[in-house]
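This note is addressed to a colleague who is meeting the structure for the first time. Its topic is the aromatic rings and their partners.

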Amino acid sequence: MLRIALGALALATAPAAVAQKADPLAEAMALPHAGQLTGARDAGRFAWVETASGVRNIWIADKGQPARQVTRFTQDDGQPLYHVTLSRDGKQIAFVKGGDDEFADGSTLNAASLATAPKQQVWLIPADGAEPVLAGDGHSPVFSADGTKLAFTRRGEVWVREKGEAKRIAMLGGEVTRLQWSADGAQLLMVDNQNDYSFVTLIDVASAKVRQLGPGLGYSVEPVFAPDGKQVAFIQYLDPPAGAARDSGPYWSIRIADLATGSVRTLWKAPQGMGGRYAGTRMRNLWWSADGEIVFPWERSGYLHVYAINAAKGGEPRPLTQGSYEVETFILAPDNATLVFSANRLQPDKRNIWRTDPDGGDPVRITQGDGIESFPTFTGDGELAVIATDASHIAHPARVANGKLTPLGKAPALRSFVVPQAVTYKAADGVTVHAQLFRATGPGKHPALIYVHGGPRRQMLLGFHPMGYYSNAYVMNQHLAAQGYDVLSINYRSGTGYGREFRDAPEIARDGASEYRDVIAGGRWLAAQSHVDPARIGIWGGSWGGYLTALALARDSDLFAAGVDFHGVHTMLRPVPNNLSPDAQNAARQLQWSSSPMGAIGTWRSPVLLIHGDDDKSVDFGQSLILSRELAARRIPYEELVFPNDRHEFFLFSNWLESYRATADFLDRRLKSKGR
C-alpha cells in the first residue's frame, strides 16, 4: 500500500525546526479550508470563503492575477460567512455574517457565548477591498442585473436595498429561499417554504404585488425564469405517505407558469416506478437552456442523472448523462447549453468534472489526474473553477484549463499522511459496502476503528471531503492512523453515490436500521485482518454516525470495545403519521424503538465518550441527556464533553480541536492498553 512521508501529521509549509513542541493535530486542523465558490456572470472573477483556525474571510481571484483577501476578520468568533454573491460585473460582493446557514431563519447563533448575541447581517463590500457596509439584517442576498439593487430576506420578509437605503417590500408566510431577480430588475422570484408545503412566489418590486404561481398541495421548488423572462418553470412534488410501496406514485412533475396570463401547465409528470419519487442534487436542480430545454435530475435508471425536455413540446425526456454512476451537481456553461457536471463516473469514491455537448454524445472528462473535484463554477468569460481536493490537499479553489488544475490561491497540504485504500466487503444480507481504509503506521497488530459518517445522505471519499465537517473528520482519521490505529471509514446503505437502491434500501433508519448490518460487517471485516487486534476495535462518528456508534455499542459490545458518539440520535421515536391504522401505528412505534440504541440498552457494556453542543438544532441536546441517564443507571462507563451555545456543526474552531483531542485521548486510554 502506498504511503507518503509517514509519521505525524504536519503542514507542508511547516519550518524545519520549531521551538515549541509540535502539535500535529492542531496544525492539520488549522489548514485553510475553502468553500462557497462563486463566479461573476459578466466578468472574469471568482470569490470564495476561506476558513483557517476558525477565522473566516472572503477571497477573490481575477484571471492572471494572484488571489487576494478582501475582508479582514481576525477572530475565531463562531460566526460563519456564507451566501457569498458577486454582482454581474464582479465589482461588488454581498455576504452574510452570523446566523446559521442550515437554519437561516432560526434562533440566534451565539457559539462564543457573548453578552450580546451577534446578529445575522447582510454586508456589502467593494471588490477593491474597501470597508464593508451593512445592508441590513437577513440572509440570501442577490444583486439585480445592473447591480443597482440588492434583495435579501429575513424571517419571511423580502427587502430591497437601493441608493443606500433598504426597504421591506413584502411579508410572506414562511422562510424564503432561491431568491432571484428577473433580467429587467422588475420582479423577484422565490420559494416561500411553509412547514410541510411550499409555493413558488413572484413579487412585482414597484407595486409590491405578491402572487403565487400554481399553488398546490405539496412542495413547489427550484423556480427558474425562461430566457425571455415570460415564463417560469418549477418542480412540484409530494412526500410519499407512510407505508407507501416503493413503486407507488408518481409524486412529482415539472410545471410552467405563463407570467402574462397566470396559467400553469404540467410539462411532464414522472411515471410510476423507478424515479417516481423526486431526488435532487446539492445545488441548483432546474435550468432553462438557450435552446428551449428544461434540464433536470431524474433517477429513472436507478442512478441520479441529468435529463432534458423541450419546454414547449414536452414529450419523453432525453438523458444527457447515463451509466452506473451518480451526478453530484450540475450546471450549464455560459453558453446556457453545454452541461458540466461532477460525478463518480470512473471511481465510485471520487468525483471528477465532465462535459456533455447539447447534441448529446458520451461525456468528456475535463479534469485529469487523481484528485477529487466538486462544485463546478463559471465566470462570464468562460473560465471554469472547482473545489479541488485529494489525499493530502484540503479543499481549495482551482482553475480548470486544458484538463489541468491550477490553484486560484492557497493549496494547503498535509506533509505526512496515509493514502486511504478503497475497500469493499459484503454485509450478511449480500449488500456490497464501499469503504476507505487508513492503515496504521508501524508493525504488529493494531487497535482499529470504524468511522461512520452522518447525514445519512453522504458519501466519504478517497481524500479530503469538500464539506468542512467531513474535512475535519478526514484529518481526524489521518491523525488516528498516525497514532497507530487502522481506521475503516464506511459508506453504509442509505448514503449517496451508489444509486437509489442503495440510498433508499429497505428497512433503513426507523424501519429496522438495516444500515447497521453494514457497520457490524465492517467491524467483523476489521477483526479478520492480520494487522488488527480483534480485542481492540472501537467506533466513532457524528450525527447519524453518532446514532450508529451508539447502536453498535448497545448491540455488540463484545466486538466494539469503546466508542465516541458526537451528537448522536439515541431514541428513534417520532410521531407516527396519522394515515396509518391504530394497529399499524403501534407496530411502527415498536419498530422505531427496536431500531434505536435505547432499544438495546440492556446489552450495552462498552465505555463511550458523548460529545454535544447544547444549542444543536439538528439533533436535540436531549438525545444525549436521555442516554447519559440510562448509562448512569446501569453503571456503564461514559465520559462527556459539552459545548454551551454551540450547534451541530461546531462553529468554534476551538471546540472542534478540543473535541478531537478528547476523542484521541479517550480512545488511547480505552483501546491502546491490552485490557478492557
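1. The model is predicted. A convenient starting place is Trp252, a buried residue whose relative accessible area is 2%. That value falls under 20%, the limit below which a residue is called buried, and therefore Trp252 qualifies.

2. Aromatic pairs in the structure number 27. One of them joins Trp252 and Trp268: the ring centres are 5.1 Å apart and the planes meet at 75°, so this pair is edge-to-face. An angle over 60 degrees is what that label requires.

3. Where in the chain do Trp252 and Trp268 lie? Trp252 belongs to strand β20 (residues 252-258), and Trp268 belongs to strand β21 (residues 264-269). The pair therefore ties together parts that are 16 residues apart in sequence. Trp268, like Trp252, is buried.

4. Trp252 also pairs with Tyr278. Here the ring centres are 5.2 Å apart and the planes stand at 55°, so the pair is tilted. Distant parts of the chain are linked by this contact, as Trp252 sits in strand β20 while Tyr278 sits in the loop between β21 and β22 (287-288), 26 residues apart.

5. Elsewhere, ring pairs connect a cluster made up of Tyr451, Tyr469, Tyr470, Trp540, Phe566, Phe643, Phe650, Trp656 and Tyr660.

6. Two arginines should be noted alongside the ring pairs. Arg284 is placed over the face of Trp287, 3.6 Å from the ring centre. Arg345 is placed over the face of Trp354, at 4.8 Å from the ring centre.

How values were computed: Residues numbered from 1 in each chain as written. Predicted model: local features only at pLDDT ≥ 70, side-chain atom pairs only at ≥ 80, totals over all residues. Heavy atoms only, no water. Phe/Tyr/Trp six-rings, centres within 6.5 Å; stacked < 30°, edge-to-face > 60°. Helix = DSSP H or I, 4+ residues; strand = E, 2+ residues; numbered from the N terminus. Buried < 20%, exposed > 50% of the residue type's maximum accessible area, 1.4 Å probe, protein only. Lys NZ or Arg CZ within 6 Å of the ring centre and 35° of its normal.
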